[in-house]
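Me: I would like to go through the aromatic rings and the cores of this model. Please keep the answers short.

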Amino acid sequence: MSKIIKDGDIVEDDWNYIDPPRDFHTVTPTTVTPQPPCTGGAAIPAAIVSLDHWLSQRTQLLAEISPVGIWLEGHVDVSLVVDDLPFFDVIAIYFPSFSDGRGFSLGNQLRERYTFQGELRAIGNLLPDQMYYLHRCGFNAVDVTNPKDLHLAREALMDFSNNYQESWGEDKPIFRRR
Amino acid sequence: MYLYDKYDHKLVQERVEQFERQTARFITGDLTDEQFLPLRLQNGLYIQRHAPMLRIAVPYGMLRTAQLKKMAHICRSYDKGYCHITTRQNLQLNWPSIEDVPSILSELAHVEMHAIQTSGNCIRNITSDPFAGVAPDEIVDSRPYCEIVRQWSTLHPEFAFLPRKFKIAISGSSTDRAATAFHDIGLQLIKSETGAVGCKVFVGGGLGRTPIIAPVICDFLPEQFLLSYLCAILRVYNRFGRRDNKYKARIKILVKEMGVADFSQAVEQEWQDIKSNYSLLSPKDITQAQDYFSTPSYQPIDIRSTDAQLDHMALKHPAFGRWLHRNVSHHKVPGYRSVTLSLKPTGNAPGDISAEQLETVAHLAEHFSFGEIRTTHQQNIVLADVNSNDLFTLWQHAQSAGFATPNIGTLTDIICCPGGDYCALANAKSIPIAEKIQNTYDDIDYLYDLGEISLNISGCMNACAHHHVANIGILGVDKKGKEFYQVTLGGNNNSRGSTNHKPAIGKVLGKAFPADEIPNVIDCVLTTYLQHRIEEEGFLESFLDTYERIGMPIFKEHVYV
Ligand code: SF4
């Protein structure tokens, strides 16, 4: 099992992925394939599924997987899953490249506008240097690209001790704190 | 002007430390070029043609003497003894070494300066009117709003990896001296009939490959919603702006492709969703920001005798008279004036300023303008608050320091990008062209006869010198590996007080010319203008007036005979 950063600590990742992003680094050890229906097999533990999967096999997935999570791309239209949000323990947002900042906005939207309370996880191609911003956009978990960056990434959560803007976890902008 | 408190100091200091660590990782190879790129850009560090370039932020163009002195020191210790003022009011060092950058940033932090977000695909330094707070035609002082937006956009966690760079300009006068229509977001501060302050919001203007005059997406945004509305615009852009093609990634393309109505609708919807969660800017918050820009202790001045004295000195010293006419502008406080120090004497690369000159400006500002300095989009320097009684003495000092060339707003007040001499992206050199033109037109009487005219030179399509919006624009192009120049006419960014003209993008005159033909071409264009210029009600037409009246074909005919 790989390690991720969650709530500021380095922890074992106990989630599996079903149909993960194509170039996703943790694919090999933890991917599971859903059982064909009606096999009566054991329920699949904690799995994060793709949006396509979710939309096409929602009922089956709900029956077989618990708890369940979903991974989304940064540009996805949240209205597609807005009613399903309460089912998800985890929403993972995939960053195809560290320079693609769409996921930052999506994270904020999920937290602010859709008041998503579960684990919000950043996955994909990220730099440890982005940890601080990710955290402030509502991500409480990050799967860093390179395991050797884990400690660096955790330290980067403390790059700054105060901010100008209000953001997730910090409800007052600077002009109200001065 | 704005002074740091403990929060700002801490933040800038932590940023310096963060970048120190990042640079160290890059030097040891733990960060690849590709990974280091966005990190260094967001700290102002470019890799240029000959050396790295460090762009230092000058928030909305405001500086004070200690900062200039520090810059002088940095120019001497880490660079070749000079720096450059950019068209976005920032300062640029052209020859620092990468290893020195963390130390430079640390020195800057001591005088409340930094290079945060001066480059990269993020919200850049906010630009504004260099006469904010002192212009007689001011409706609302833009500086407090600039500072509010500066803080909001600095290290904004959501908008550090946008599809492309993002520029915001704010102006608050009836004459738009901040070129708001040519920015990603332009905010024009206005007052409603009831006296409430708000802004007219322009989105999706810009130059570069696809020059576009920004459409208005909101006619009056009440000031309390400023930040939530900016957030909504940026969020729509961040989510939907194109990332597949660098040349189509600016917000102007998104606005164009979605259509203004749909884009505005998307912003409106996002805004409705977030605005109740967002802190409003209360009257108290605005007052707090206004208090940062306290009114200097102006002296009471007997205007009548001062003006008479100025008239007298102007007659006695015609050079002083010319300077008064061109480089000195009116002030909202009677008896005070704003003085523009020209960084465009013949033979000087436009916008370059040496360490000695920085110190001289600091000294002049200390003595004549409450210790404050402003940089301008035209790459000059403004001393905003000068007592009229001091003008003659100031002029003498400015003259001996080489700042008194009375050419503000004239042909030789050229805006010029660093071009092929420095910039890795250039198609052609731009500074030598500017020098050639300055050398050809150093006859002050002829310059004055030409009147208000703007000439800008960019070394490539990125248009850093905003050639599209100059009355005469010159653009470096590459023709089979040779440097050529395309000329445009009729552009206007509405930033020089010509309020009777609308912002306009210049039209291409015709096929491009090699460098040595440019002086001839410019001469031909100017002669055509002088031949066709008419006088109406005692006023001579400006170049733009004549151009708009007679149109491009006549100029074409004269140039391509
Ligand atoms: S216009 Fe082109 S050549 Fe000039 S500074 Fe900008 S990128 Fe460089």
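Me: What does the count of aromatic pairs come to over all chains?
Reply: This is a predicted model, where local features need pLDDT of at least 70, side-chain atom pairs count only at pLDDT 80 or more, and totals for chains, interfaces and linings use all residues. Side-chain values use heavy atoms, without hydrogens and water. Rings of Phe, Tyr and Trp (its six-membered ring) pair if their centres lie within 6.5 Å; planes under 30 degrees apart are stacked, over 60 edge-to-face, the rest tilted. By this rule, the count over all chains is 28.

Me: Is the pair of Tyr441(B) and Tyr446(B) stacked or edge-to-face?
Reply: The centres of Tyr441(B) and Tyr446(B) are 5.9 Å apart. Their planes differ by 15 degrees, so the pair is stacked.

Me: Does Tyr446(B) count as buried or partly exposed?
Reply: Buried means under 20% relative accessible area, exposed over 50%, partly exposed in between (1.4 Å probe, protein chains only). Tyr441(B), at 5%, counts as buried. Tyr446(B) has 25% relative accessibility, so it counts as partly exposed.

Me: Which helix gives the most to the largest nonpolar core?
Reply: A nonpolar core is a set of buried Ala, Val, Leu, Ile, Met, Phe, Trp, Tyr and Cys residues joined through side-chain atoms within 4.5 Å. The largest has 112 residues. Helices are DSSP runs (H or I, at least four residues), numbered from the N terminus. With 10 residues, the top contributor is chain B helix α6 (residues 226–240).

Me: Which residue from chain B is in the aromatic cluster with Phe95(A)?
Reply: Phe95(A) clusters with Phe104(A) and Phe139(A). The chain B member is Phe161(B).

Definitions and conventions:
Residues are numbered from 1 along each chain as its sequence is written. Chains are lettered from A and ligands numbered from 1 in the order in which they are written. Helices (H or I, at least four residues) and strands (E, at least two) are DSSP runs, numbered from the N terminus.
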